[in-house]
Amino acid sequence: MKTRTFLLAMFMLAASSVVMGDGMQYELRVDGLACPFCAYGIEKKLKKTTGVKTVAFDLEAGKVIVTTEESARFTEDEMERLIEEAGFTLRGMTERELP
Amino acid sequence: MWHACLFRSAVLVILLLPLTACAWFPPEREAAYELLASWGGKGDAPGRFNEPTGIAVAGGEVFVSDARNGRIQVFDFDGRFLRQIGSAGEEPGKLGRPMNLAIARGELYVADYWNDRIEVFSLAGEYRRSIGTSGTGPGQFNAPGGVAVGKEGDLFVADFYNQRVQHLRPDGRFVRQWGETGRTGWTAGRFSYPTDVALGADGTLYVADGYNDRIQVFAPDGTFLRKWGGPFALNIHGPFRGWFATVTSVAVGPRGNIFVADFYNDRVQKFSAEGRFLTAFGSTPRGPAHSAIAVAVASDGSVFVANFDAHRVERWQQPAGGP
């Protein structure tokens, strides 16, 4: 019984790690980030979006860097819509899984 | 016939060219301002800033929106830290991203861009009340960027993402609006991301029409009076005198002159109430951010500027006479 419980616990742990997964990091290229009215608008929009963990800016490179929680994923179309709702145009996006 | 018409048009253009050049490339009509003092630097300790975005003056004190630190800091005219107002958060009395400020009737009005409301404090820092909620309806806001307060306590709010300016009673009841909710426009009375508002002594309303790169002016009865900023004030941005590249703040000086923070051009421009260019001044940024984001004018003519790029406050003055 103890062995079965242990195996079940191990299986659930392994399964949960697959479901949870690691977060993602998205780098969004957006024009006009030097103006805080723009940057704060994008930050406000993204921070209210379910699954978004952090939002940071690289003004030098004109990029918004977004990390997500656990299994949250966004397509480029979804990101484009969010950025458009903040009043801007998404010029490009790269993504990578966080270690 | 056709040739004669063409000839007449060409002559007209040649005759008008010097006139338009004067109108669109005006000379400097006043002495330059000098930088008297500056204070701050990046940080979260008292006296330091993390992105200053708004400024107001009253009674010998300077109030500064310290946006990423979620607070207002108060200084004397020499930059000595006096006190902090508010702290970061979402609850009433807390600040998300404080932007342009107004001081009226002994109270401080803060446009809170993230919490979609106007927060009101006593000048000593006591929280008094919040006006507005998130939304697109009358009296609601979507990222208010600036506020002005009339003699009777009525509020005028630059409602950034709603593309409008709202006129509200002191308790937040809707009176009227300029602009069409949620739709940008470049014709007179329409806006593209309005960032700030200011009132003249007679109740004339000046609107910083942010991404239209212009100032729009409305009479106390609400009718459109005039606009300026580049050729025909039709969203043509540029670095020339009297042109703008994203207008982020507007203030009225003690003599009725208009001071405009011209953000991407890193300068404050000074105009007569009718929009005649007078002079310009500002600090060169290190980049990639820009410097002059907000402006306020004291009764002695000192001009205070929030320098976004350097995380500093600057005090400027005109050597030979005030505004």
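A disulfide is a pair of cysteine sulfur atoms within 2.5 Å, and by this rule the count over all chains comes to zero disulfides. The structure described here is a predicted model, and the points below take up its cysteines, the overall build of chain B, a four-stranded sheet in chain B, a helix and a hairpin in chain A, and some backbone angles.

**Cysteines of chain A**

- The sulfur of A:C38 has its closest cysteine sulfur in A:C35, at 3.6 Å, and because a disulfide needs the two sulfur atoms within 2.5 Å, this pair is too far apart for a bond.
- Seen from the other side, the closest cysteine sulfur to that of A:C35 is the one in A:C38, again at 3.6 Å and too far for a bond.
- Both cysteines lie in the buried class, A:C35 with a relative accessibility of 1% and A:C38 with a relative accessible area of 2%.

**Chain B as a whole**

- Chain B contains one helix and 26 strands, and its radius of gyration of 20 Å is close to the 20 Å that the globule rule gives for 323 residues, so the chain is as compact as a globular protein of that length.
- Taken along the principal axes, the C-alpha atoms of chain B fill a box of roughly 75 × 45 × 35 Å.
- Of the 323 residues in chain B, 57% count as buried, and of the contacts in this chain between residues at least 6 apart in sequence, 47% join residues at least 24 apart.

**The sheet of β16 to β19 in chain B**

- Four strands of chain B form an open sheet in the order β16-β17-β18-β19, with antiparallel pairing.
- The edges of this sheet are β16 (196-199) and β19 (224-228) of chain B, each of which pairs on one side only, and neighbouring strands are turned by 20° against each other on average when direction is ignored.
- Strand β17 (residues 205-209) of chain B runs antiparallel to β18 (residues 214-218) of chain B and is joined to it by five bridges, with B:Y206 standing opposite B:V217 of β18(B).
- The hairpin of β17(B) and β18(B) has four residues between its strands, and B:D213 takes a positive phi there, near 55°.
- On to the next strand, β18(B) is joined to β19(B) by four bridges in an antiparallel arrangement, and here B:V217 stands opposite B:R226 in β19(B).
- Five residues lie between β18(B) and β19(B) in the hairpin that they form, and B:G222 in the turn has a positive phi of about 100°.
- Five of the five residues of β18(B) are buried, so this strand is largely enclosed by the rest of the structure.
- In a regular strand the side chains alternate between the two faces of the sheet. In β18(B), B:R214, B:Q216 and B:F218 point one way while B:I215 and B:V217 point the other way, and all are buried.

**Helix α3 and a hairpin in chain A**

- Helix α3 (residues 76-85) of chain A has A:M79, A:L82 and A:I83 as buried residues, and these fall within an arc of 95° when seen down the axis of α3(A), so they line one face of the helix.
- The elements against which the buried residues of α3(A) pack are β1 (24-30), α2 (36-47), β3 (63-68) and β4 (90-97) of chain A.
- After α3(A) comes A:G87, which has a positive phi near 95°.
- One of those packing partners, β3(A), pairs in the antiparallel sense with strand β2 (residues 52-58) of chain A over six bridges, and A:F57 has A:V64 in β3(A) as its bridge partner.
- Between β2(A) and β3(A) the hairpin has four residues, and A:G62 takes a positive phi near 65°.

**Less common backbone angles**

- Most residues other than glycine have a negative phi, and most peptide bonds are trans.
- A:E70 is not a glycine and yet has a positive phi of about 40°; this residue is found in the loop between β3 and α3 of chain A and counts as partly exposed at 43% relative accessibility.
- B:E51, also not a glycine, has a positive phi of about 75°; its place is in the loop between β1 (34-40) and β2 (52-58) of chain B, where B:E51 is buried with a relative accessible area of 13%.
- The peptide bond from B:G287 to B:P288 is cis, with omega near 0°, and B:P288 is found in the loop between β23 (277-281) and β24 (292-297) of chain B.

Methods. Residues are numbered from 1 along each chain as its sequence is written. Chains are lettered from A and ligands numbered from 1 in the order in which they are written. This is a predicted model: local features need pLDDT of at least 70, side-chain atom pairs count only at pLDDT 80 or more; totals for chains, interfaces and linings use all residues. Side-chain values use heavy atoms; hydrogens and water are left out. Buried means under 20% relative accessible area, exposed over 50%, partly exposed in between (1.4 Å probe, protein chains only). Two strands pair if DSSP finds at least two bridges between them. Helices (H or I, at least four residues) and strands (E, at least two) are DSSP runs, numbered from the N terminus. Axes are lines fitted to C-alpha atoms, for helices over the stretch in contact, and angles run from 0 to 180 degrees between N-to-C directions. The arc is that of the directions from the helix axis to the C-beta atoms. Contact means heavy atoms within 4.5 Å. The radius of gyration is taken over C-alpha atoms; the globule rule is 2.2 Å times the number of residues to the power 0.38.
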